[in-house]
Every structure is written in C-alpha cells, then in structure tokens.
Amino acid sequence: MSEILNNIVNENPDAIAKRLMQKVEFRDGLQEIMIGISILMFAVWNGLVIAFQHGFLAHKGVISYFMLVMMPLPVLMGLMIKKVRQRFLIDKVGYVKLKPVNRKQLGIRQGITMGLAFIVAALAMFVTLKMVIASRNGGGVPHWGLFTPAGWVFVGNGIVGGAIMIFRVRLTRYLIGGVMMVALGILLALNGVSLNVGITILYGFAGLLALISGSVVFFLILRQPAESGE
Amino acid sequence: MSGNIQQLADIDRIIHEPARLMIVALLAAVEEADFQYLRQATGLTQGNLSAHLSKLEEAGYVAIEKTFRGKYPLTICRLTERGRDVLENYRKVIRAAL
C-alpha cells in the first residue's frame with residue numbers, strides 16, 4: 001500500500017502502469033507457464049538439431065518443427081491464457097483490462113529484441129565456424145582467454161538470462177533462479193561441452209524453472225476459495 | 001515556496017485519503033478493473049473498498065458498472081476524465097509543495 005502511495009507523487013503514471021501490468025501478467029502463473037513452455041520448446045528444438053545432425057529428412061523435420069510448433073506458439077499460448085483466465089480464474093484473481101499497448105514503443109522493443117537475437121545468432125555462427133575450422137586444422141578447440149568460444153556463449157547467455165530474471169521479471173523467486181542461471185553458464189563453460197548441448201542444458205534449465213514456478217503459483221491460486229465479485 | 005505550501009490547503013480531500021488515492025492510482029494505470037482485482041491489489045476489505053468506491057463515484061471520479069460474466073457478478077470500475085484530471089492536479093500540487 002505504502003509503495004503505491006510513495007510512487008504516485010514521484011513517478012510517471014506510465015511507469016506505475018508498466019509495473020502494474022507486469023504484476024498483473026505474473027499474478028496467476030499462466031504467463032510464466034507460457035514462457036517456460038516456449039523456452040523448453042526452444043531447448044527441445046536445439047536438442048533435435050543435435051540428435052539429427054545428419055540427413056536431409058532429419059534437417060527438414062527440425063525446420064518443420066520450428067515452423068509448425070515454435071512460430072505459432074506465442075499466439076496460441078496467448079489465446080489459451082485469455083480463455084483460461086476468463087473461464088477459471090476471474091473469481092479468484094479478478095478482472096482487469098490493461099491500457100492499450102503503445103504501438104511505437106512496442107515496435108521499438110520488438111526491433112531491439114530482433115536485433116539482439118540477430119547478434120546472438122551471428123555470434124553463435126561465428127563461434128561454430130571458428131571451432132569447425134580449428135578442429136579441421138587439427139589444432140583442437142581454441143581458447144579465448146579463460147574459456148573456449150562456446151564457453152563464452154554459455155557465460156554470455158547465462159549472464160543475460162540471469163540479468164533478465166533478476167532485473168526484468170523482478171520477482172523474489174527469480175533472484176535465486178537468476179544467480180543459478182549465471183552459475184550454470186559458467187559451469188558449462190568450464191566443462192567444455194559442445195555449443196548445442198550447452199545451449200540445450202542452459203535453456204532447458206531456464207524453461208523448467210519458469211514452468212515449475214508458474215505451475216506452483218497457478219495451483220496455489222486454484223486452491224484459493226472463490227470470492228464474490230461484490 | 002510558501003505559495004506552493006499554501007496550495008496544500010486547497011487539495012482535494014476526497015482523493016487525499018490514502019485508500020482512495022490508492023484506488024485512483026490503480027485505476028489510472030489500467031483501462032478498467034473489477035472489484036475483486038481492486039480488493040487484491042489494494043489489500044482493503046470488501047466493506048472498506050465498497051465504501052471508498054461509493055465516495056469516488058459520488059464525486060464523479062470513478063464510473064462503476066455492474067454486470068455479469070457468465071454467472072460471476074462483475075463490478076467494473078474505471079477512472080473518469082474528471083478523476084484523471086484530479087489525480088494529475090493532486091500530483092502536481094504535492095510535488096510542488098514537497
């Protein structure tokens with residue numbers, strides 16, 4: 001209560017709204033479940049790439065999985081969340097309609113996300129190429145400072161993933177998750193696992209964490225007795 | 001400075017009450033919300049929230065619509081333009097004074 005009152009005077013109403021929206025999105029665990037499943041699906045896709053490294057058909061299967069499962073997943077999950085909330089949770093968590101999203105801001109955010117994804121993908125490709133060239137030349141896996149190139153990818157992903165959990169999600173339970181994500185990135189880098197295996201483990205962990213956390217919140221909400229809507 | 005301080009005397013007393021200020025601030029951040037959501041977000045009891053909402057509705061700061069979603073009764077609240085202006089003015093006065 002005092003937090004809201006303190007912020008009213010000093011903070012921009014849009015900033016309060018943004019934080020409130022985040023609270024609303026995470027209040028019943030459904031959003032976390034959706035994020036967890038999406039990240040797990042990415043880890044599974046990465047695992048499939050390792051499993052079916054050879055063969056034209058296998059490659060086709062991996063690409064089809066990405067197109068048919070990964071691409072429509074966010075939209076389908078969003079619709080499912082809306083339905084589940086309306087059907088089962090309205091008497092427990094209440095109804096709230098958020099302000100319409102600012103299209104310009106959304107466009108900028110999507111642009112930044114896509115730019116970051118492009119940089120990560122380019123970096124991963126560069127690292128893979130370096131490793132392939134090094135192994136073909138018979139020189140073994142090269143080291144850049146403390147870790148191998150793949151190791152730096154794990155450390156980078158661990159730090160970025162951990163930072164998102166701690167500073168973006170801003171839920172107490174993700175503080176430990178964020179620290180664990182950073183630690184896991186460093187551990188994988190020290191173990192010298194291959195790029196795909198490491199990324200599968202790292203994202204598998206992040207996905208499982210979000211899925212378990214969201215499921216616990218969701219079941220706790222379901223166990224709450226329904227209250228009248230006044 | 002003293003001029004700013006004196007403005008506090010004219011502050012809107014309906015919105016200045018902490019529980020009502022909280023309700024108005026919450027509604028300013030969303031398009032609309034139901035009673036249950038407001039109750040959970042503010043931590044107020046059912047009776048308390050109901051009383052404060054009535055006062056805000058009387059003042060014309062909040063519009064209340066009673067409806068149903070399936071069997072579930074929904075009391076949907078939204079901030080009126082007047083309520084939005086009053087909140088903005090309140091913020092300005094407090095900021096200038098403190």
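In this predicted model, B:Ile64 stands opposite B:Cys77 in β3(B), and B:Glu65 stands opposite B:Ile76 in the same element, β3(B). These facing residues belong to strand β2 (residues 62–69) of chain B and strand β3 (residues 72–79) of chain B, which pair in the antiparallel sense over 8 bridges, two strands being counted as paired if DSSP finds at least two bridges between them. The hairpin of β2(B) and β3(B) has 2 residues between the strands, and in it B:Gly70 takes a positive phi near 70 degrees.

The hairpin is part of an open sheet of 4 strands in the order β1(A)-β1(B)-β3(B)-β2(B), with antiparallel pairing. Because β1 (96–98) of chain A and β2 of chain B each have a single partner strand, they stand at the edges, and one side of each is left without a neighbour in the sheet. Neighbouring strands of this sheet are turned by 20 degrees against each other on average, direction ignored; axes here are lines fitted to C-alpha atoms, for helices over the stretch in contact, and angles run from 0 to 180 degrees between N-to-C directions.

Two helices of chain B lie across strands of this sheet. Helix α4 (residues 35–42) of chain B lies across β1 of chain A together with β1 (30–34) and β3 of chain B, and runs at about 100 degrees to β1(B), whereas α5(B) lies across β2 and β3 of chain B, at about 125 degrees to β2(B). Contact means that the C-beta atoms of two residues, placed from the backbone, lie within 7 Å.

Taken along the chain, the elements of chain B run α-α-α-β-α-α-β-β-α from the N terminus on, which comes to 6 helices and 3 strands; helices (H or I, at least four residues) and strands (E, at least two) are DSSP runs, numbered from the N terminus. Of the contacts in chain B with a separation of 6 or more, 57% are accounted for by residues 24 or more positions apart.

As for confidence, the mean pLDDT (the predictor's confidence in each residue, from 0 to 100) of chain B is 86, and 96% of its residues reach 70 or more. Among the elements of chain B, helix α1 (residues 2–7) has the lowest mean pLDDT (66) and helix α5 (residues 46–58) the highest (94). The model scores ipTM 0.81 and pTM 0.67.

Residues are numbered from 1 along each chain as its sequence is written, while chains are lettered from A and ligands numbered from 1 in the order in which they are written. In this predicted model, local features need pLDDT of at least 70 and side-chain atom pairs count only at pLDDT 80 or more, whereas totals for chains, interfaces and linings use all residues.
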